Amino acid sequence: MGERAIENRVKKLKAIEEQMKVLELEADELKEEIKKELEARGAEEMQAGNFLVRWKSVIGNRFDSKAFPKEHEALYSQYLKQTEGKRFTVA
């Protein structure tokens, strides 16, 4: 594949990524509208045609990966594992 073909693919990739950003923004706006409606109704869930929409509080427990190494540096060092990977970028 020549340089021109790669350039054309990169241009197409950039265009698709821009479309994805626009669609993600639209989806986020729609989600916010639905959430506001549920809150206005004082409901955590609602039947909307064939869909059941939920906006509920969820409680979870998460490991504090920033505090642990600070407080237990030696233990943290014992479990560090080096990994290798590749990263694709276009600048």
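User: How many residues apart are K11 and E7 in helix α1?

Analyst: In this predicted model, the side chains of K11 and E7 meet in a salt bridge, at 3.5 Å from N to O. Both residues belong to helix α1, which covers residues 3-41, and about one helical turn separates them. In sequence terms, that spacing is 4 residues.

User: Is E7 buried, partly exposed or exposed?

Analyst: The cut-offs help here: buried is under 20% relative accessible area, exposed is over 50%, and partly exposed sits in between. E7 has 42% relative accessibility, so the label is partly exposed.

User: OK, next bridge. What is the N to O distance between R54 and E45?

Analyst: Here the acid, E45, has 36% relative accessibility and counts as partly exposed. R54 is exposed, at 52%. Their side chains meet in a salt bridge, and the N to O distance is 3.1 Å.

User: Which parts of the chain hold E45 and K56, and how many residues apart in sequence are they?

Analyst: The side chains of E45 and K56 meet in a salt bridge at 3.5 Å, N to O. E45 lies in strand β1 (residues 45-48), while K56 is in the loop between β2 (51-54) and α2 (67-71). The pair therefore ties together parts whose separation in sequence is 11 residues.

User: And which residues do salt bridges with shared partners join into one network?

Analyst: Start with the two bridges: R54 pairs with E45, and E45 also pairs with K56. K56 is partly exposed, with a relative accessible area of 42%. Because salt bridges that share partners are linked up, the one network is made of E45, R54 and K56.

User: How many salt bridges does a search of the whole structure find?

Analyst: We've already met some of them, including K11 with E7 and R54 with E45. Searching the whole structure brings the count to 5.

User: Which residues form the negative surface patch?

Analyst: One of its members is D28, which lies in helix α1. D28 is partly exposed, with 40% relative accessibility. The full patch is E24, E26, D28, E29 and E33.

User: How do the charges balance out, and how far apart do the centres of the two sets lie?

Analyst: Count the side chains and you get 18 positive and 18 negative. Take the centre of each set, and the distance between the two centres is 6 Å.

User: How far apart in space are Q78 and W55?

Analyst: Q78 is found in helix α3, residues 73-78. Its relative accessibility is 59%, so Q78 counts as exposed. Q78 and W55 are 23 residues apart in sequence, and their C-alpha to C-alpha distance is 41 Å.

User: What pattern does the chain follow along the sequence?

Analyst: The secondary structure adds up to 3 helices and 2 strands. Read in sequence order, the pattern is α-β-β-α-α.

User: What is the radius of gyration of the chain, and why is the chain called more spread out than a compact globule?

Analyst: Along the principal axes, the C-alpha atoms fill a box of roughly 55 × 50 × 20 Å. For 91 residues the globule rule gives 12 Å, and the chain is well over that, so it is more spread out than a compact globule. Its radius of gyration is 23 Å.

User: Last one: what percentage of the residues count as buried?

Analyst: The accessible surface comes to about 9,400 Å², with 52% of it belonging to carbon and sulfur atoms. Counting as buried takes a relative accessible area under 20%. Of the chain's 91 residues, the share that makes it is 2%.

Conventions
Residues are numbered from 1 along each chain as its sequence is written. This is a predicted model: local features need pLDDT of at least 70, side-chain atom pairs count only at pLDDT 80 or more; totals for chains, interfaces and linings use all residues. Side-chain values use heavy atoms; hydrogens and water are left out. A salt bridge is a side-chain nitrogen of Lys or Arg within 4 Å of a carboxyl oxygen of Asp or Glu. Buried means under 20% relative accessible area, exposed over 50%, partly exposed in between (1.4 Å probe, protein chains only). Patches are made of residues with over 30% relative accessible area and no salt bridge: like charges are joined within 9 Å, nonpolar side chains (Val, Leu, Ile, Met, Phe, Trp, Tyr) within 5 Å. Accessible areas come from the Shrake-Rupley method with a 1.4 Å probe; for residues, only the protein chains shown count as cover. Lys and Arg count as positive and Asp and Glu as negative; His and the chain ends are not counted. The place of a charge is taken as NZ of Lys, CZ of Arg, CG of Asp or CD of Glu. The radius of gyration is taken over C-alpha atoms; the globule rule is 2.2 Å times the number of residues to the power 0.38.
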